[in-house]
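Trainee: I would like to learn how to read a model of this kind, feature by feature. Could you take me through the general idea each time and then the case at hand?

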Amino acid sequence: MYRSEVQKALKGYIGKDIRTSSTTNVEYIYVAIPLKVHNEIYGVTRVAFPLTEIRKINLTLLKYIILSVICGIFLSLIIGYRYVDNTTKPIKEITEISRKIAKENYKGKVEVRGDDEIRILAENFNIMVEKLNNTINETRDKNIKLKSTLSSMKAGIFAVDKELNVILVNHAAKEFLGIKEENVYKRHMDEVVQNEELKVLLKDLLMVGESTEKKVEVKLLEKRILKIYTNPIKLDLDPNRVLGVMALVEDITEITRLENMRSQFVANVTHELKTPLTSISGFIETLKSGAIDNKSVRSRFLDIIEIETERLNRLIDDILTLSEIENRSSNTRKEEINVKSSIEEVFFIMKRIGEEKNIECDLEISSSLSSIYGNRDWFKQMLINLIGNGIKYTNENGKIYIKVYEKYNKIIISVKDTGIGIPKEDIPRLFERFYRVDKARSRKVGGTGLGLAIVKHIILSFKGSISINSTLGEGSEFVIKLPIKKMHK
C-alpha cells in the first residue's frame, strides 16, 4: 500500500519501480495500474516480474536482431554487388574502349544489356565509335592520297600559317629550298630554310598577303632558277579569314637553259645564214650592175656564189641532221651494227679525202669486235664528222691515226691527228652548237660549227661518252667509248 508504484497508481498514473525483493532476494520490476470506474479509482493492480527473465528475453532478441542484421547486410552486399556490377560494367567497357580510341584503336564495341539509361548510353557510344572509325578511315585514306599526290608532284608545295610555321611541304619543295630535315611540321620557316637569300625572299613573298609570282636564281648545291607562285590560304565559308600562305615552287633551270640555247641557236643560225646570203646577194647585185659582161669577173663571182651556196646546203643539212638526232635519239630504229665493216667503209672514203690534202690516214682495228646496236647511218655519220674534222684542221703532210679495240665490254674508238691542236680553255665548249675555236679558219675550211655537236648527240644516243686530249700545235685525240649491249627482242 505504501510502495511507490502503488502510490503513483492511486493518483491515476501507471507506477513503475525496480527493487530487490526482501523475501526472495531477487531483483524485480513492479508495475501498478489504477482501476477506474466512471473515472473514479476503486483500486490498484500490481504485477511483479523478475528482471533476470527479462534480461534473458532481451538477450535472445538481441541475438536474433544481430543475426538478422548480419544476414541482411550479406544479402544486401550480394544484391548490391550484382547491381553495381551490372551497372558499372558497361561504363568500365566504355572507359576501356575510350582509352583504346585514344591510342587510335577504333575496333572496340560495348556489349549492350538491359533496357535502362546505361543501355541507351552504350548503344549511342557504339554508334559514335562506328562513325568515328568510318570518319578516321576516310580521313586517313584522303590523307594518304594527298601525300602520294604531293610526293609525286615535280612542283614544290610549301605552305605556312600566319606565324610562318610550316604546315605543308612536299619532297620536291624540300629539294628546291634546300630543306634537309625530314619532319618540319609546325617549325618556323627560319629554322627550316637555311639559304639566307631564299629565306628573305620567301618572307617577302609570303607576307604580301596576295597572289604573287617571282623568278629567282638561288645557289644551293648547284645554281638553280626557281619560279615561285604564292597565294593566300582562305576558308571557303569565310573568305576574309586568311589562315596562311601557300607557295608553288617550280624548277625552271632546264627550261631556262633550253630557252637560252634556243635563242642562241636561232641567233647563230641567223648569223650563219645571213653571212653567205649577204655574199650571194652582193655578188648578184654586182653582176646585175654590169659585171656579168666581164667573163673573168663573172666566172669568179659565180664560183664564189657556188661555194657560198654549197656552204648553205651543208649548214642546212647539218641543222636537219642535228634536229633529227635530238628528236629521235630515244625511239630511233635500232639495228645490229658490224663495227669492223662500218669503220672500214668510212675509213676508205675518208682516206681518199685525206689524200687530196696529202694527209696520211692509218687504221688499226682489232680482228674480232662485238656488234653494237643503234642507228647504222648515225654511227657512220659520227665517224665521218670526227675523221673529217681531223683532216680539216691538220696541215698538209700530217697524219690521222684511227685505232679501234674492245675493252671492259665497250668499243673504244680513238681518232688522233697531228693538227693544230685545241687550247685548253676551249675544250669544255667544243661540242656546243656553232662554237668555233678559230672562226676565220673554220669558215675557210668549210666548217658549219655543228659537226662536233652532231657527234656528241649521236654518242649520247648510243649511251656512250667522248673525251678529248689535245696539245696546242701538236694535235688532238678524240676517244669514244660505246657500251656493248644486246638488243632486247
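**Reading a predicted model**

Mentor: Let us begin with a single residue: Asn358 counts as partly exposed because its relative accessibility is 46%, where buried means under 20% relative accessible area, exposed over 50% and partly exposed in between, with a 1.4 Å probe and protein chains only. This is a predicted model, in which local features need pLDDT of at least 70 and side-chain atom pairs count only at pLDDT 80 or more, while totals for chains, interfaces and linings use all residues. Residues are numbered from 1 along each chain as its sequence is written, and side-chain values use heavy atoms, with hydrogens and water left out.

Trainee: Where does Asn358 lie, and what is the sign of its phi?

Mentor: Most residues other than glycine have a negative phi. Asn358, in the loop between H9 and E10, has a positive phi of about 60° although it is not a glycine. Lys463, in the loop between H12 and strand E14 (465–471), also has a positive phi of about 60° without being a glycine; Lys463 is classed as exposed because its relative accessible area is 62%. The element names refer to DSSP runs numbered from the N terminus, with helices (H or I) of at least four residues and strands (E) of at least two.

Trainee: What is the average pLDDT of the protein, and which elements have the lowest and highest means?

Mentor: pLDDT is the predictor's confidence in each residue, from 0 to 100. The protein averages 78, and 85% of the residues score at least 70; among its elements, helix H11 (residues 439–444) has the lowest mean, 49, and strand E13 (residues 410–417) the highest, 90. The secondary structure comes to 12 helices and 15 strands, and buried residues make up 34% of the 489 residues.

Trainee: Why does the span of helix H9 agree with its number of residues?

Mentor: The expected span of a helix is 1.5 Å times one less than its number of residues. The 17 residues of H9 (residues 339–355) should therefore span 24 Å, and its end C-alpha atoms are indeed 24 Å apart. Its buried residues are Val339, Ser342, Ile343, Val346, Phe347, Met350 and Gly354, and what covers them includes H10 and E13. At the start of H9, a side-chain oxygen of Asn338 reaches to within 3.3 Å of the backbone nitrogen of Lys340.

Trainee: At what angle do H10 and H12 pack, and how far apart are their axes?

Mentor: Two packed helices are described by the angle between their axes and the distance between the axes. Here the axes are lines fitted to C-alpha atoms over the stretch in contact, with angles from 0 to 180 degrees between N-to-C directions. H10 and helix H12 (residues 451–461) pack at about 145°, with their axes 9 Å apart. Among the residues that meet, with contact meaning heavy atoms within 4.5 Å, are Trp378, Phe379 and Met382 of H10 and Leu452, Val455 and Ile458 of H12; Trp378, Phe379 and Met382 are also among the buried residues of H10.

Trainee: Which residues does Glu250 touch, leaving aside those up to four places away in sequence?

Mentor: Glu250, in strand E8 (residues 242–251), touches Ala155, Phe176, Ile225, Leu226, Lys227 and Tyr229. Glu250 and Leu226 are 24 residues apart in sequence, yet their C-alpha atoms are 5.6 Å apart in space. Across the protein, residues 24 or more positions apart account for 54% of the contacts with a separation of 6 or more.

Conventions: A polar contact is a pair of N or O atoms within 3.5 Å; within protein, one must be able to donate a hydrogen and the other to accept it, and residues adjacent in sequence count only if both atoms are side-chain atoms.
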